[in-house]
Amino acid sequence: MKILIVEDDFASRKLMQKYLSPYGICEVVVDGEEAVLAFSESLENDDPFDLVCLDIMLPKKDGQQVLKSIRNLEASRGIEGSEGVKVIMTTALGDAENIMSAFRSQCEGYLTKPVTRQRLLEEIKELGLLADEA
C-alpha cells in the first residue's frame, strides 16, 4: 500500500507514520500545497497513492481544499468513484459542518484526534485496504 500522510504537527505526523509504516510505504508532507503536489506527481508517474490521511488545519491550503484538489486531479484523468484514492480525514475538528463538508467532497472516512492505532486500522480495513488479520 502507498500512503500519503498530510500532517503539520510533528508529534501527530510521527504517530501516523508509526501506525502505518508496517502496512506500506509512507510519504509525509507538512502542508496543503505539498500534499497536492505529491498527489499530482504520483498520478503523473503512474504510481498513485492508495490512501491519504489528511488533516484539515494545515498551512498554505487547508485539508478541505486539498481534498477538493485531489478529486479534481482524479476527475481530470478520468478516475472516478471507487477507482480513486481512499481519503481519511484525521483532524481535531469534529463539528458537523467540517464533517459534512468533507463527505460532500468525497472523503471515505473521518477520524477525530486523538487518532488511535485501532480506530485507524479499523477504518482502513472497512475501506478494503487491509485484511482483517492486520
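1. To start with the term used throughout: a salt bridge here is a side-chain nitrogen of Lys or Arg within 4 Å of a carboxyl oxygen of Asp or Glu. Keep in mind that this is a predicted model. With that criterion, searching the whole structure turns up 6 salt bridges. I go through some of them below, then move to the residues around Glu7 and to helix H1.

2. The pair I'd look at first is Lys113 and Glu7, whose closest N and O atoms sit 2.8 Å apart. This salt bridge ties together distant parts of the chain, 106 residues apart. Lys113 belongs to the loop between strand S5 (109-112) and helix H5 (117-126), while Glu7 belongs to the loop between strand S1 (2-6) and helix H1 (10-20). The two ends differ in exposure: Lys113 is partly exposed at a relative accessible area of 28%, whereas Glu7 is buried at 2%.

3. Lys60 and Asp31 also pair up, with an N to O distance of 3.5 Å. Again the partners come from distant parts of the chain, this time 29 residues apart. Look for Lys60 in the loop between strand S3 (51-54) and helix H3 (63-76), and for Asp31 in the loop between strand S2 (25-29) and helix H2 (32-44). Lys60 is exposed, with a relative accessible area of 62%, but Asp31 is buried, with a relative accessibility of 6%.

4. Arg71 and Glu74 make a salt bridge within one helix, at 2.8 Å from N to O. They are 3 residues apart in helix H3, so about one helical turn separates them. The general point is that an α-helix has 3.6 residues a turn, so residues three or four places apart point the same way. Arg71 is buried, its relative accessible area being 9%, and Glu74 is buried too, at 4%.

5. Back to Glu7, which is part of a salt-bridge network with Asp55 and Lys113. Besides the 2.8 Å polar contact between its side chain and that of Lys113, a polar atom of the Glu7 side chain lies 3.0 Å from the backbone nitrogen of Asp9. Setting aside residues up to four places away in sequence, Glu7 touches Ser12, Arg13, Val29, Val30, Asp55, Leu58, Thr90 and Lys113.

6. Asp55 deserves its own point. The UniProt entry, which is unreviewed, places the feature "modified residue: 4-aspartylphosphate" at this residue. Asp55 sits in the loop between S3 and H3 and is buried, with a relative accessible area of 3%. Apart from neighbours within four places in sequence, Asp55 is in contact with Val6, Glu7, Asp8, Gly63, Thr90, Thr91 and Lys113. Glu7 and Lys113, its partners in the network, are thus among these contacts.

7. Which residues of H1 are buried? They are Ser12, Arg13, Met16, Tyr19 and Leu20. Viewed down the axis of H1, the buried residues fall within an arc of 130°, so they line one face of the helix. Phe10, Ala11 and Lys18, on the other side of H1, are exposed. As for what the buried residues pack against, the list is S1, S2, S3, strand S4 (86-91) and H5. Two of the buried residues, Ser12 and Arg13, also turn up among the contacts of Glu7.

How values were computed:
Residues are numbered from 1 along each chain as its sequence is written. This is a predicted model: local features need pLDDT of at least 70, side-chain atom pairs count only at pLDDT 80 or more; totals for chains, interfaces and linings use all residues. Side-chain values use heavy atoms; hydrogens and water are left out. Helices (H or I, at least four residues) and strands (E, at least two) are DSSP runs, numbered from the N terminus. Buried means under 20% relative accessible area, exposed over 50%, partly exposed in between (1.4 Å probe, protein chains only). A polar contact is a pair of N or O atoms within 3.5 Å; within protein, one must be able to donate a hydrogen and the other to accept it, and residues adjacent in sequence count only if both atoms are side-chain atoms. Contact means heavy atoms within 4.5 Å. UniProt positions are given in the numbering used here, feature names are shortened, and annotations may be inferred rather than shown by experiment. The arc is that of the directions from the helix axis to the C-beta atoms.
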